[in-house]
Structure formats: C-alpha cells, structure tokens
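This report describes the architecture, the nonpolar cores, the salt bridges and the chain interface of the structure shown below.

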Amino acid sequence: MASGDLRAARRYSTALFRMAVNRNEVDEVAESLKTVTDVVTQSPELMTVLHHPRISRERKKQLLRQVFENRVRPDVEHFLILLVEKDRAEIIPNVARQFGILLDEHRRETDAEAITAVPLTDSQTEALRQKLQAATGYKVRLTARVDENILGGLIVRVGDRLIDGSSATQLQMMREQLRRAKVT
Amino acid sequence: MLETLGIDFRFILVTIVGFLLLFLILKKFAFGPIFGILQQRQDTIRGHLDEAESRRDEMVRLQHEYEERLAKIEDEARDKIQAAVKEAQTARDEILSRAREESEAIVQRGNESMARERTKALAEMRDQIANLAIQAASQVVNRSLDGQSHAALIDNVIAGIGQNGTSAAPSSTASPGGTV
C-alpha cells in the first residue's frame, strides 16, 4: 500500500475516532469497526468488488448497505459509504487498523509479546505484566510464546519497543566482539 | 726527231683538240650534275656527322642526368633507411619501457591482491573462530541450562525492566550472561 494511502487512512480514522469521542461512543464504534474488519477478513472478494473500477459507486454503496445494514452502527455504515464516494474504499482495512491504534492510545492499552525458551510460570507472567505496566503506564495485553532458539532469558516486545534479554542475543554480541577483535 | 720517235705532231694536236672538245662537252653537260651530286652527298654525310655528334652530346647529358639522379636516389634511400632505423629504435625503446611498466604494474597488482587475500583470509578465519566459539558456547548454554537456571535468567530480565529510566534499552536492562 502506498504511503499516501496510509496517510489517508490515518486522516479518516482520526476523524472517525474524534466523532466517536465527541459522542462518547468509542466502544460502540470500535465494536462496529471490528465487525467490518471481521467481514473484510472473512470475505476478501468484498474488497475486490469495492476496488473494481468497472463497478459503479451506486452498486458498491448498495452492496455495502446489504452487507452491513443492521450489523454495524449507522454512522459507521455512513462512514464506509463516504469512503466509497471518495473512491477510497481500498483503505478500509487500514482505517480499521489505525482506529485500533487510536483506541489503544485512548484506553491507554497496549499489546506486549513475551518470548522465552521455556514456558513462563503464572507468577512470572504476572510479574512481567506488572513491570511492563509500571514502566509504560499502559494496561498491557500480554501474550507469551515459546521459542527454543533464544536458548534462555526473555525477549519482550511492547508496541514498537523491544527488550532483548535473551541468551542467544548475548552470545551474538559476544560473537560480534570476537569478530571485531583486531588480528594482525 | 719527233717523227723518229713515232710522234706525229698533228695527231697530238687532234688529240688535244678532241680532248678540249670532250672537256667542254663534259663541262657543259656532266660536271655540273656530278659535282652537284657530290656536294649533296657531302652535305648529307656532314648532316649525319652533326646528328651523330648531337646525339652523342645528348647521350652524355642523359648519362650525367642519370648519374645525378642515381646519386640522389641513393641519398634518399640512405636517408630513408636511417629514418627507418631511428624509428625502429624509438619503437623498441617504447616497447621496452611499456613492457617494464606493465611488468611493474603486474607485480604491484599481485602484491596488492596478495595483501587483500591475506586480509580476507584473516577476516574469514576470525569469523570462523568466532562462529565456532559461539556455537560451542551455545551448546554449552543449551545443555547446562536447567529449569532453575531458566527461571533465574527470566526473573533477572523481568527485574531489570523499568530500570535506567527506560524499559526499552535492549540487553542493558538485564545481564543473564553473568549466570551462564
């Protein structure tokens, strides 16, 4: 996707989000957008049709109404129709994604992923969540994954930040130091 | 007396008169053309002689000319040969100096490429040693880490989060290497 499309997605999602905040209906709008994302993910042909240059806008709008009427809030449905009118239907998935980012920011929530060589114990998971929440000030949705390749220790990814305390990385750093050692 | 000798004076006279007549007749009719022919012949011969003379002169002149020309050609040929020899020497010098330069360049290149190869080989060797060392270390770490050590490493990293004022400093927040 072109960066222009991403910028447009940010613009549209910000507008939609502000409207939701003003009406104090953030959760409801988020719920509707989640439905939209689910439908688009489950039936990619819907996006193909909305992309299609030979299909008229009227036909696309009609289709959107058929699919989403009574399944999403009317304001979200109108928002989708607006995108079709602006010939911007292809950015719908990105708009939903950007809305999710704004929503997390609004709720002060964030995703985090923990990678370990052996499964984390419950107490470790809880301690890690507490530590991350204390460090970031955000409520953390923590998912854990086991990857034996890291040998030992722990890697945590929070948003776009990375805490790498894995033995594999330590060894890699040692290797780099060895490679940089001067040989005459 | 004359008669005793058998000489008749009349006979002589007649002979003289006859001779004179003959002479006059011959002079009138024959001498002219004969002398004319002789004169003509003499002129022709002299003409031939003159012509021969002039041809001889011409030949001599041509011979001189040829000799001069030959000399000139020889001079030119000598000059040309000298020029050619000089050119050949210049070419030889040039070829020699070029060959020397090329051989020096080849040697230089060889030295440089040898140095490069050496550096490369050293770097490769160092990389291989580093890789082998870390591979060995990885296996040791893998084998020597029991459940307790794993837990300790993980706890160590968790404990380090939020220190140093940041949660995003990779590795600096934890030093599991110390327990390996």
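In chain A, 43% of the 184 residues are buried, where buried means under 20% relative accessible area, exposed means over 50%, and partly exposed lies in between (1.4 Å probe, protein chains only). The model is predicted, and local features need pLDDT of at least 70, side-chain atom pairs count only at pLDDT 80 or more, and totals for chains, interfaces and linings use all residues. Residues are numbered from 1 along each chain as its sequence is written, chains are lettered from A and ligands numbered from 1 in the order in which they are written, and side-chain values use heavy atoms, with hydrogens and water left out.

## Fold of chain A

Eight helices and four strands make up the secondary structure of chain A; helices (H or I, at least four residues) and strands (E, at least two) are DSSP runs, numbered from the N terminus. Their order along the sequence is α-α-α-α-α-α-β-α-β-β-β-α. Among the contacts in chain A with a separation of 6 or more, 67% are accounted for by residues 24 or more positions apart, a contact being heavy atoms within 4.5 Å.

Ser13(A), in helix H1 of chain A, offers a local view of such packing. Ser13(A) is buried, with a relative accessible area of 1%. Leaving aside neighbours within four places in sequence, Ser13(A) is in contact with Val95(A), Gln98(A), Phe99(A) and Leu102(A). The C-alpha atoms of Ser13(A) and Arg97(A) are separated by 8.6 Å, although these residues are 84 residues apart along the chain.

## Nonpolar cores

In soluble globular proteins, nonpolar side chains tend to be buried together. A nonpolar core is here a set of buried Ala, Val, Leu, Ile, Met, Phe, Trp, Tyr and Cys residues joined through side-chain atoms within 4.5 Å. The largest one has 32 residues, of which Val36(A), Leu50(A) and Phe68(A) touch the most other members. Two or more residues of this core come from each of helix H1 (3-23), helix H2 (26-42), helix H3 (44-51), helix H4 (57-68), helix H5 (74-85) and helix H6 (92-107) of chain A. H2(A) provides the largest share, seven residues.

Not counting residues up to four places away in sequence, Val36(A) touches Phe68(A), Val72(A), Val76(A), Leu80(A) and Ile92(A). Another core, of 15 residues, lies apart from the largest one and has Leu120(A), Val156(A), Ile163(A) and Ile158(B) among its members.

## Salt bridges

Over all chains, the structure holds 26 salt bridges, each defined as a side-chain nitrogen of Lys or Arg within 4 Å of a carboxyl oxygen of Asp or Glu. Three of these pairs are listed here.

| Acidic residue | Basic residue | Closest N to O distance |
|---|---|---|
| Asp5(A) | Arg88(A) | 3.0 Å |
| Asp87(A) | Arg57(A) | 3.0 Å |
| Asp127(B) | Arg179(A) | 2.8 Å |

Asp5(A) lies in helix H1 of chain A and Arg88(A) in the loop between H5 and H6 of chain A, so this pair ties together parts that are 83 residues apart in sequence. Asp5(A) is buried, at 17% relative accessible area, whereas Arg88(A) is partly exposed, at 22%.

The loop between H5 and H6 of chain A also holds Asp87(A), while Arg57(A) lies in helix H4 of chain A, so their salt bridge ties together parts that are 30 residues apart in sequence. Asp87(A) is partly exposed at 42% relative accessibility, and Arg57(A) is partly exposed with a relative accessible area of 42%.

A network of salt bridges links Arg23(A), Glu25(A), Arg73(A) and Asp75(A).

## Interface of chains A and B

Contacts between the chains involve 31 residues of chain B and 34 residues of chain A. The buried area, meaning the accessible area (1.4 Å probe) that two parts lose on being put together, summed over both, is about 2,700 Å² between chain B and chain A, and carbon and sulfur atoms give 69% of it.

One salt bridge is found across this interface. Asp127(B) lies in helix H1 of chain B and Arg179(A) in helix H8 (residues 167-180) of chain A, so this pair joins two chains. Both partners are partly exposed, Asp127(B) with a relative accessible area of 22% and Arg179(A) at 28% relative accessibility.

On the side of chain B that touches chain A, helix H1 (9-144) and helix H2 (147-160) of chain B each supply at least two residues. H1(B) gives the most to that side, with 12 residues.
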